[in-house]
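Student: Could we go through this structure together, one question at a time?
Tutor: Happily, let us look at it now.

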Amino acid sequence: MTRSWGLKEKLNSGELIRILEASNGLSGLVVESTIVDGREFDGMWLSSFCDSMLRGRLDDESVTFEERLETVKEIVAVTKKPLIVDGDSGGSISQFSERVKVLEKAGAAGIIIEDKTGAKHNSITCDECKHTLIDREEFALKLRAGISARETCDFLIIARIESFIAGSGIEDALLRADKYVSAGADAIMIHSKKKSVEEIKEFLNAFRKVHKDVPVVLVPTSYNSYSEEELKEFGANVLIYANQLLRSAFLAMTEAARSILINGKADESILNMASMQEINNLVVSRESMTDD
Ligand code: SPV
Ligand code: MG
């Protein structure tokens, strides 16, 4: 539970928080050990997309909460940075309360739940899918239930607004934001699958007129050409790089598999792979830190 220590303070300090996907123990170690010119990630995101894809399954909530929890435990066991969990819809109101308790005990730093209902589809990959939004009052009740279930307010409960994904527009997004902030959400996340940041900017402009200090989380997967400075300038407090490690690994894996078949040996693909030693060294360095 001490893992989330500092994240809330940082959220309220105005500093930009940078979170990167970690989908298993090893990618958690990669997130933690990557430091460039003094810059590092503040925490990890366990993505439902990545957690599902890594199991060869769709991101449609068919990966159960119990399975998600296994991944949480796997990551928490070998890392120290705060882990924010993708809670999908959060389940029913009573399920959400229970999930908050279980995740907090398991050492997660927080959860993001999204205001969708019915058959779940990933927000970005399925253009033709119909995304149905849950009634905002009902979602606010779910948030309230989770908030009262947590043991400490260090465990972050973040409300994700899917109005743009569902095609419901900015008025709906702003009404939802107000409701979720009043329900006590620690932050809101506004999602968009547009290449341009315009709808996010428009939302942030309007939201900031009313809620100057409520932290806002963005996931710049589609609008990935905007710099962290620009997104901060628009009003973002937290950026989640939600899936870039898995997507990079997938491309490298596919290319290595093809190269082995094409060449009848693995030598040609060696330049694009880490050695076994490099991977082992990362795990050894983690283990030696634990021994200290
Ligand atoms: C995830 O990473 O699973 C998310 C973000 O929920 S998105 O894939 O963009 O819906
Ligand atoms: Mg997800």
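Student: What is the handedness of the link of C126 and C129?
Tutor: This is a predicted model, where local features need pLDDT of at least 70, side-chain atom pairs count only at pLDDT 80 or more, and totals for chains, interfaces and linings use all residues. Residues are numbered from 1 along each chain as its sequence is written, chains are lettered from A and ligands numbered from 1 in the order in which they are written, and side-chain values use heavy atoms, with hydrogens and water left out. C126 and C129 form a disulfide (a pair of cysteine sulfur atoms within 2.5 Å), with their sulfur atoms 1.7 Å apart. The angle about the S-S bond is 75 degrees, and the link of C126 and C129 is right-handed.

Student: Which cysteine sulfur is nearest to that of C50?
Tutor: C50 is in no disulfide. Its nearest cysteine sulfur is 17 Å away and belongs to C126.

Student: Is C50 buried or exposed?
Tutor: Buried means under 20% relative accessible area, exposed over 50%, and partly exposed in between (1.4 Å probe, protein chains only). C153, at 47% relative accessibility, is therefore partly exposed. Because its relative accessibility is 0%, C50 counts as buried.

Student: How far from an oxygen atom of ligand 1 is a polar side-chain atom of R160?
Tutor: Let us take the serines before the arginine. An N or O atom in the side chain of S47 is 2.8 Å from an oxygen atom of ligand 1, and for a polar side-chain atom of S48 the distance to a ligand 1 oxygen is 3.0 Å. For R160, a polar side-chain atom lies from an oxygen atom of ligand 1 at 2.6 Å.

Student: How much of the area that ligand 1 exposes when taken alone does the protein bury?
Tutor: Accessible areas come from the Shrake-Rupley method with a 1.4 Å probe. Taken alone, ligand 1 exposes 280 Å², and the share buried by the protein is 98%.

Student: How many residues of the shell around ligand 1 are charged?
Tutor: Ligand 1 is surrounded by residues including W45, F49, D86, H191 and R160. Asp, Glu, Lys and Arg count as charged, Ala, Val, Leu, Ile, Met, Phe, Trp, Tyr, Cys and Pro as nonpolar, and the others, Gly among them, as polar. The shell holds four nonpolar residues and five polar ones, and the charged ones number two.

Technical notes:
A residue is near a molecule or strand if one of its heavy atoms lies within 4 Å of it. A polar contact is a pair of N or O atoms within 3.5 Å; within protein, one must be able to donate a hydrogen and the other to accept it, and residues adjacent in sequence count only if both atoms are side-chain atoms.
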